[in-house]
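Hi everyone, thanks for coming. I have one structure to walk you through today, so let me put it on the screen.

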Amino acid sequence: ADLLGLQVINQHSVVLGMIDSLLATGANDVMVVKGEKEHLIPFVMGEFVSQVDLDAKLVKVTWEDELL
C-alpha cells in the first residue's frame, strides 16, 4: 500500500507513470503503472526495481525502451 501513487521512472529518467495498483501473482507482485501507456512491471528488487524512495515518492526501475 505504501507504493500506491508513487511516480515510476526508468534508468534513463523517463517517467513511466504512477503506481495505480499491485497484482499478486504466485512468484512476485506486479506493479500496474499508469501513464501515457500502462506498464506491468514485476516488483523484483535488483532485477527490475533498483530503488524505492518513499520520502521522494519515487520508484526507479530498470525497464528497457523496447519493453515500452
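I'll begin with the whole chain and then stop at a handful of residues.

First, please keep in mind that this is a predicted model. What is the chain built from? It has six strands and zero helices. Reading from the N terminus, the order of elements is simply β-β-β-β-β-β.

Now the overall dimensions. The C-alpha trace spans about 30 × 30 × 25 Å along its principal axes. The radius of gyration is 11 Å, and a compact globule of 68 residues would come out near 11 Å, so the chain agrees with that expectation.

How much of the chain is buried? Of the 68 residues, 29% count as buried. The accessible surface comes to about 4200 Å², and carbon and sulfur atoms account for 52% of that area. For those of you who think about charge, the chain carries 4 positive and 11 negative charges, and the mean positions of the two sets are 6 Å apart. As for contacts, take those between residues at least 6 apart in sequence: 30% of them join residues at least 24 apart.

Let's go to single residues, beginning with Asn10. You'll find Asn10 in strand S1, which covers residues 7-10. Is Asn10 buried or exposed? Its relative accessible area is 3%, and because the cut-off for buried is under 20%, Asn10 counts as buried. The side chain of Asn10 also has a partner to point out: one of its polar atoms lies 2.8 Å from the backbone nitrogen of His12.

Asn10 brings us to Thr62, which sits in the segment after S6. These two residues are 52 apart along the chain, yet their C-alpha atoms are separated by 5.5 Å. Thr62 is partly exposed, with a relative accessible area of 33%. Which residues does Thr62 touch, if we leave aside neighbours within four places in sequence? The answer is Gln11, Glu47, Phe48 and Ser50.

Next is Val44, in the loop between strand S4 (38-42) and strand S5 (49-53). Val44 is partly exposed too, at 22% relative accessible area. Setting aside neighbours within four places in sequence, Val44 is in contact with Asn28 and Val49. If you look from Val44 back to Ala1, 43 residues away along the chain, the C-alpha atoms are separated by 16 Å.

Last, a word on backbone angles. Most residues other than glycine have a negative phi. Where do we see a positive value here? One place is Ser13, with a positive phi of about 65° although it is not a glycine. Ser13 is in the loop between S1 and strand S2 (15-24), and at 57% relative accessibility it counts as exposed.

Lys57 is another residue to look at: its phi is near 55°, again positive in a residue other than glycine. Lys57 belongs to the loop between S5 and strand S6 (58-61). With a relative accessible area of 55%, Lys57 is exposed.

To recap, we have a predicted model of a chain with six strands and zero helices. Asn10 is buried in it, while Ser13 and Lys57 are exposed. Thanks for listening, and I'm happy to go back to any of these residues on the screen.

Methods: Residues are numbered from 1 along each chain as its sequence is written. This is a predicted model: local features need pLDDT of at least 70, side-chain atom pairs count only at pLDDT 80 or more; totals for chains, interfaces and linings use all residues. Side-chain values use heavy atoms; hydrogens and water are left out. Helices (H or I, at least four residues) and strands (E, at least two) are DSSP runs, numbered from the N terminus. The radius of gyration is taken over C-alpha atoms; the globule rule is 2.2 Å times the number of residues to the power 0.38. Buried means under 20% relative accessible area, exposed over 50%, partly exposed in between (1.4 Å probe, protein chains only). Contact means heavy atoms within 4.5 Å. Accessible areas come from the Shrake-Rupley method with a 1.4 Å probe; for residues, only the protein chains shown count as cover. Lys and Arg count as positive and Asp and Glu as negative; His and the chain ends are not counted. The place of a charge is taken as NZ of Lys, CZ of Arg, CG of Asp or CD of Glu. A polar contact is a pair of N or O atoms within 3.5 Å; within protein, one must be able to donate a hydrogen and the other to accept it, and residues adjacent in sequence count only if both atoms are side-chain atoms.
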